[in-house]
Amino acid sequence: MTAAQQAPAAAPDAADDAQAFGIKDFRLRSGVVMPVVDIAYRTLGQLAPDRNNAVLVTHGNTSGPQMIDPGGSTGEGSWKDLVGPGKAIDTDRYFVICPNMLGSSYGSTNAASIDPMTGKAYGSRFPDITVGDNRRQPARAAR
């Protein structure tokens, strides 16, 4: 992704330690182009200088990126027993990235977010989001 397509962003409705990245002109599978979308995410561990230790952990619709928080829990169950130092996804070895889903209320752009075209919350005008749209967002941000 070029610098013109990606902008740093804040995730106002995510927990305090969540981060966010912005994607400009995000084209949905439906053809709708959202001028800006923010995707909240959390990370654990250290990214290696050659970046070869990154692990992407995704979640279902009922959860947010806090599912990887040490000691945390989510509606679908906690990953705290799988992610962490010395665990199956060992954060002493791996850099774990857990992005939120577009449309989720855990910090990413959703129906309560302000539509930059109108200055008002999207509300019922929020576009339909597909699994394919959410599958593409981490890949698009990595460019």
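Me: By which cut-off is a residue called buried, and is Thr 91 buried or exposed in this predicted model?
Reply: Buried means a relative accessible area under 20%, whereas exposed means over 50%. Thr 91 has a relative accessible area of 12%. Because this value lies under the 20% cut-off, Thr 91 is buried.

Me: Where does Thr 91 lie, and which residues does Thr 91 touch, not counting residues up to four places away in sequence?
Reply: Thr 91 belongs to the loop between β6 (89–90) and β7. With residues up to four places away in sequence left out, its contacts are Leu 44, Gly 45, Gln 46, Val 83, Gly 84, Pro 85 and Val 96.

Me: What is the mean pLDDT of the chain, and over which residues does pLDDT stay under 50?
Reply: In this predicted model, 75% of the residues reach a pLDDT of 70 or more, and the chain mean is 79. For one stretch pLDDT stays under 50, although the model has 34 contacts beyond four places in sequence for it. That stretch is residues 1–16.

Me: In what order do the secondary structure elements of the chain run?
Reply: The chain holds seven strands and one helix. Read from the N terminus on, the order is β-β-β-β-β-β-β-α.

Me: How do β2 and β3 pair, and which residue in β3 stands opposite Lys 24?
Reply: The pairing of β2 with β3 is antiparallel and extends over eight bridges. The two strands form a hairpin with five residues between them, and Gly 31 in the turn has a positive phi of about 100°. Opposite Lys 24, in β3, stands Val 36.

Me: How many bridges join β3 to β7, and which residue in β7 is the bridge partner of Arg 42?
Reply: β3 and β7 run antiparallel and are joined by four bridges. Arg 42 has its bridge partner in β7, namely Cys 98.

Me: What separates the C-alpha atoms of Ala 40 and Pro 99?
Reply: Ala 40 is part of strand β3 and is buried, at 0% relative accessibility. Along the chain, Ala 40 and Pro 99 are 59 residues apart. Their C-alpha atoms are nevertheless separated by 6.0 Å.

Me: Which strand gives the most to the largest nonpolar core?
Reply: The largest nonpolar core has eleven residues: Phe 21, Ile 23, Phe 26, Leu 28, Met 34, Val 37, Ile 39, Tyr 41, Leu 102, Tyr 122 and Phe 126. Both β2 (19–27) and β3 (33–44) supply at least two residues of this core. With four residues, the strand that gives the most is β3.

Me: How many residues does the second, separate core have?
Reply: Val 57, Ile 68, Ile 89 and Cys 98 are among the members of this second core. Its residues number eight.

Me: Which side chains meet in a salt bridge, and at what N to O distance?
Reply: The chain has one salt bridge, and its partners are Asp 115 and Arg 125. Both residues lie in the loop between β7 (95–99) and α1 (131–142), ten residues apart. Asp 115 is buried at a relative accessible area of 7%, while Arg 125 is partly exposed at 44%. The N to O distance is 3.1 Å.

Me: Which element holds Asp 25, and what is its phi?
Reply: Asp 25 is placed in strand β2. Its phi is positive in a residue other than glycine, with a value near 50°.

Me: Is Arg 51 buried or exposed?
Reply: Arg 51 is located in the loop between β3 and β4 (54–56). Although Arg 51 is not a glycine, its phi is positive, at about 60°. Its relative accessible area of 62% is over the 50% cut-off, so Arg 51 is exposed.

Me: What separates the C-alpha atoms of Tyr 106 and Ala 18?
Reply: Tyr 106 is in the loop between β7 and α1 and is partly exposed, at 31% relative accessibility. Tyr 106 and Ala 18 are 88 residues apart along the chain. The separation of their C-alpha atoms is 9.3 Å.

Me: What percentage of the residues of the chain count as buried?
Reply: The chain exposes about 8,000 Å², and carbon and sulfur atoms supply 52% of this area. Of its 143 residues, those that count as buried amount to 42%.

How values were computed:
Residues numbered from 1 in each chain as written. Predicted model: local features only at pLDDT ≥ 70, side-chain atom pairs only at ≥ 80, totals over all residues. Heavy atoms only, no water. Buried < 20%, exposed > 50% of the residue type's maximum accessible area, 1.4 Å probe, protein only. Areas by Shrake-Rupley, 256 points an atom, 1.4 Å probe, with all protein chains shown as cover. Salt bridge = Lys/Arg side-chain N within 4 Å of Asp/Glu carboxyl O. Core = buried A, V, L, I, M, F, W, Y, C linked by side-chain atoms within 4.5 Å. Contact = heavy atoms within 4.5 Å. Pairing = 2+ DSSP bridges. pLDDT = per-residue confidence, 0-100.
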